[in-house]
Amino acid sequence: MPGINKTFAVATLGCKVNQYESSVITGMFENRGYQAVEFGQQADIYLINTCTVTHLSDRKSRQLIRRAVRANPNALVIVTGCYAQTSPNEILAIEGVNLVVGTVDRDKIVDFAEKAQGSTVVLNYVREIDQNIKFKELPAQVVTGRERAFLKIEEGCSNYCSYCIVPFARGPQRSRSFKDSLNQAKNLVEAGFKEIVLTGIHLGSYGSDLGSETNLNSLINSIIKIPGLSRLRLSSLEPMDITPALIDTIASQKGICHHLHIPLQSGDDQVLKNMRRNYSINEYKRVIKQIRERIPGIALTTDVMVGFPGETDQQFYNTCNLIKEISFSRLHVFKYSRRRGTPAAEFDFQIHPSVKEERSNILLALSRKLARDYASLHLGTIQEVLVEGSYNKKSGFDEGLTDNYQRVLFPSVFNKRGEIVNVKIESLQGENLSGTIV
Ligand code: SF4
């Protein structure tokens, strides 16, 4: 086996889907005899799974590539992921890169690597994404050191929001078959995972290409019945994909995490229209109301973008006011990043970086306040926590997450990693909680 006695290291940027793919690609190399080592260590092969959602992700991707080349000039350096798919020439221009693979054909990435090992030229396998492409399985099991397992069930997006590069990097929406998704979930539970995180580029669109019977709600109702699964977590959901039936399932089925991440992006109807988001402020608020009525106390987090072209002070304040009105439990704040090839990159009235910075700082401060307010609601309660391991070696504390995504610190317990324990919440530590096991 060519991989025998060869080491291999992966670095991953970006979303849960990228994390999932890196964990499966690691399995593919291990199946061929390669030994996985940490990215900081010397390795024979380095793979960088890139992201291109903002210009900062591009820069971080290039930094990781150069770090790999410096770490071992004789190593094979492979670059894949969304930045590779949208800007292969920028990556091919980096001295020391041997192989570039886009976001398709990764099922053959080990073959490509073995071909590149014997090659004196740089190999470029990036190709146009066919609009009729089907969901393609990666031929290996998830390999991860984490306590929860990501499970990718959907690929691509066909929404084309005006600021977003993702549809160009990942191609059109497509779903994993119902049978394969359920089987992989069973394999993960058999492998000992207590928590599974369902993920996709546009998760809520799951099943829209698989016929009327199949959708995210029908799949969840099957996965949650797998014996031995303690928790099923949903990653980001577009507001218009959240149906009353799905809300009912989350409310009534034990084990589905009471945390939803629902991108808002802006609290102003005109800005939403310019972003080509497919909902209005009233439609968004209606979904939030339906969820809260059916699942009181649920954690609701969101993505908000500041500095979209043309965003006025008043439109920004509309966003701040809506966020306070909805009272999310945390915000992910993004500064608009001009992405070549997206419609918004050509819009007039691009906002000055200092204004983006100022607006971003206002929302980050608001997010800290909202996170503390929500966390403080847990004082005196007993929470189920999935143990992730030590907070930091010297602290003598372990950490873990509640089902509603609250991070909890508690005195270290031996051998409980990956287990769910009950913790009595006694105090706030910044935005985190702390307590003792009961
Ligand atoms: S829904 Fe919009 S923002 Fe999300 S991946 Fe699709 S195009 Fe991008």
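Student: What makes helix 12 and helix 13 count as roughly parallel to each other?

Tutor: The angle between helix 12 and helix 13 is about 5°, and their axes are 11 Å apart. The label goes to angles under 35 degrees (over 145 is roughly antiparallel, 65 to 115 roughly perpendicular, the rest oblique), so helix 12 and helix 13 are roughly parallel. Before we go on: this is a predicted model, in which local features need pLDDT of at least 70, side-chain atom pairs count only at pLDDT 80 or more, and totals for chains, interfaces and linings use all residues. Residues are numbered from 1 along each chain as its sequence is written, and side-chain values use heavy atoms, leaving out hydrogens and water.

Student: How are the axes and angles defined, and what is a helix here?

Tutor: Axes are lines fitted to C-alpha atoms, for helices over the stretch in contact, and angles run from 0 to 180 degrees between N-to-C directions. Helices (H or I, at least four residues) and strands (E, at least two) are DSSP runs, numbered from the N terminus.

Student: Which residues of helix 12 and helix 13 meet?

Tutor: On the helix 12 side they are D313, F316, C320, I323 and K324, and they meet R359, I362, L363, L366 and L370 of helix 13. Contact means heavy atoms within 4.5 Å.

Student: Why is the pair R359 and D313 called a salt bridge?

Tutor: The term asks for a side-chain nitrogen of Lys or Arg within 4 Å of a carboxyl oxygen of Asp or Glu. The closest N and O atoms of R359 and D313 are 2.7 Å apart, so the pair passes the cut-off. R359 sits in helix 13 (residues 353-376) and D313 in helix 12 (residues 313-326), which links parts of the chain 46 residues apart.

Student: How do you know whether R359 is buried or exposed?

Tutor: Buried means under 20% relative accessible area, exposed over 50%, and partly exposed in between (1.4 Å probe, protein chains only). R359 has 5% relative accessibility, so it counts as buried. Salt bridges with shared partners also join R148, E195, R231, R233, E388, E399 and R407 into one network, and a search of the whole structure finds 31 salt bridges.

Student: What makes R294 and D248 partly exposed?

Tutor: R294 is at 41% and D248 at 34%, so each value falls between the two cut-offs and both residues count as partly exposed. R294 and D248 form a salt bridge, with the closest N and O atoms 2.6 Å apart. R294 is in helix 11 (residues 281-294) and D248 in helix 9 (residues 244-252), so this pair ties together parts 46 residues apart in sequence.

Student: Why are helix 9 and helix 11 called roughly parallel?

Tutor: They pack at an angle of about 25°, their axes 10 Å apart. That angle is in the roughly parallel range, so the label applies. Their crossing is right-handed. The contact involves I247, D248, A251 and S252 of helix 9 with Q290, I291 and R294 of helix 11.

Student: And what does right-handed mean for a crossing?

Tutor: The near helix is turned clockwise from the far one by less than a right angle; anticlockwise would make the crossing left-handed.

Student: What makes helix 8 mostly covered?

Tutor: Six of the eight residues in helix 8 (residues 216-223) are buried, namely L216, N217, L219, I220, N221 and I223. These buried residues pack against strand 7 (148-155), helix 7 (178-190), strand 9 (195-200), strand 10 (231-234) and helix 9.

Student: Why is H202 with D241 called a polar contact?

Tutor: A polar contact is a pair of N or O atoms within 3.5 Å; within protein, one must be able to donate a hydrogen and the other to accept it, and residues adjacent in sequence count only if both atoms are side-chain atoms. The side chains of H202 and D241 come to 2.6 Å, so the distance fits the cut-off. H202 lies in the loop between strand 9 and helix 8, and at 8% relative accessible area it is buried.

Student: What is unusual to check about phi in Q265?

Tutor: Its phi is positive, about 75°, although Q265 is not a glycine. Q265 lies in the loop between strand 11 (259-261) and helix 10 (269-275), and at 7% relative accessibility it counts as buried.
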